[in-house]
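Colleague: Got the model open? I'd like to go through the strand pairing with you and hear the reasoning behind each label.

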Amino acid sequence: MPPGWPAVLREGDVTMRPYKRGDAKAWSEARIRNEEWLTPWEPTPLGPWREVHSPGAFRGLHRALKRAADAGSAMPFAICYQDRYVGQLTIGNIVRGAFCSAYAGYWVDSRVAGRGITPTALALAVDHAMGPGGLHRIEVNIRPENLPSRRVVEKLGFREEAFYPRYLHSGGAWQDHIGYALTIEDISLEGGLLARWRRARSS
């Protein structure tokens, strides 16, 4: 199996785990319920939202995520809060060798936004990716106007590194993005990103 996969990660009420086929209904319901919340920021879907987020569509997504995970190019986590499915965080585009880097992408149900779930999930995933996963650097690319998502990485101390014009097609057009990143050296002396996040929450 690839380094660090599969894995189950926990912190308080937040659990991160691999997807399973039985997640189809919960995933579809969450995606359809959050269409307005997610559409501006997500890659432009290849079809009507309800169609590409149906339980049947999940089966294809699950197969693709499992193939990527088995090949070692992704760590796709289902995010659960109080044992209920609420979103996804993927460490993707994993490149090893001299690069040892990946991207992180995430979304969470609007009904539980603002409870610290996303930064907790991201901190768990980064620590795991840089520990058992053997990675050195994690990037997160965010639209400049997506202030909630930018606050997530800024709370965790990600470094703003770049501006990418017309980087990704989302919301129906090519959109600019800001590049944030962390390397293992940024957090190793603090005991990891989760330890940094715990201190930030308690201060």
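Colleague: Which residue in β8 is the bridge partner of E139?

Modeller: That's A181. Bear in mind that this is a predicted model.

Colleague: What makes β6 and β8 a pair?

Modeller: Pairing takes at least two bridges. β6 and β8 are joined by 6 and run antiparallel, so by that cut-off they count as paired.

Colleague: And on the β7 side, which residue of β8 partners R159?

Modeller: A181 again, this time as the bridge partner of R159. Strands β7 and β8 are antiparallel, with 8 bridges between them. They form a hairpin with 2 residues in between, and G171 in that turn has a positive phi of about 60°.

Colleague: How do you know that β8 is mostly covered?

Modeller: A residue is buried under 20% relative accessible area, and 8 of the 11 residues in β8 are buried.

Colleague: Why do you call β5 largely enclosed?

Modeller: Because 6 of its 8 residues, in the stretch 101-108, are buried.

Colleague: What does β5 pair with, and in which sense, parallel or antiparallel?

Modeller: With β4 it runs antiparallel over 7 bridges, and W107 of β5 is the partner of Q88. With β6 the sense is parallel, over 3 bridges, and Y103 is matched with E139 in β6.

Colleague: What makes the crossover from β5 to β6 right-handed?

Modeller: The chain goes from β5 through helix α5 (residues 117-130) to β6. With the strands pointing away from the viewer, a right-handed path runs clockwise, and this β-α-β crossover is right-handed.

How values were computed
Residues are numbered from 1 along each chain as its sequence is written. This is a predicted model: local features need pLDDT of at least 70, side-chain atom pairs count only at pLDDT 80 or more; totals for chains, interfaces and linings use all residues. Side-chain values use heavy atoms; hydrogens and water are left out. Buried means under 20% relative accessible area, exposed over 50%, partly exposed in between (1.4 Å probe, protein chains only). Helices (H or I, at least four residues) and strands (E, at least two) are DSSP runs, numbered from the N terminus.
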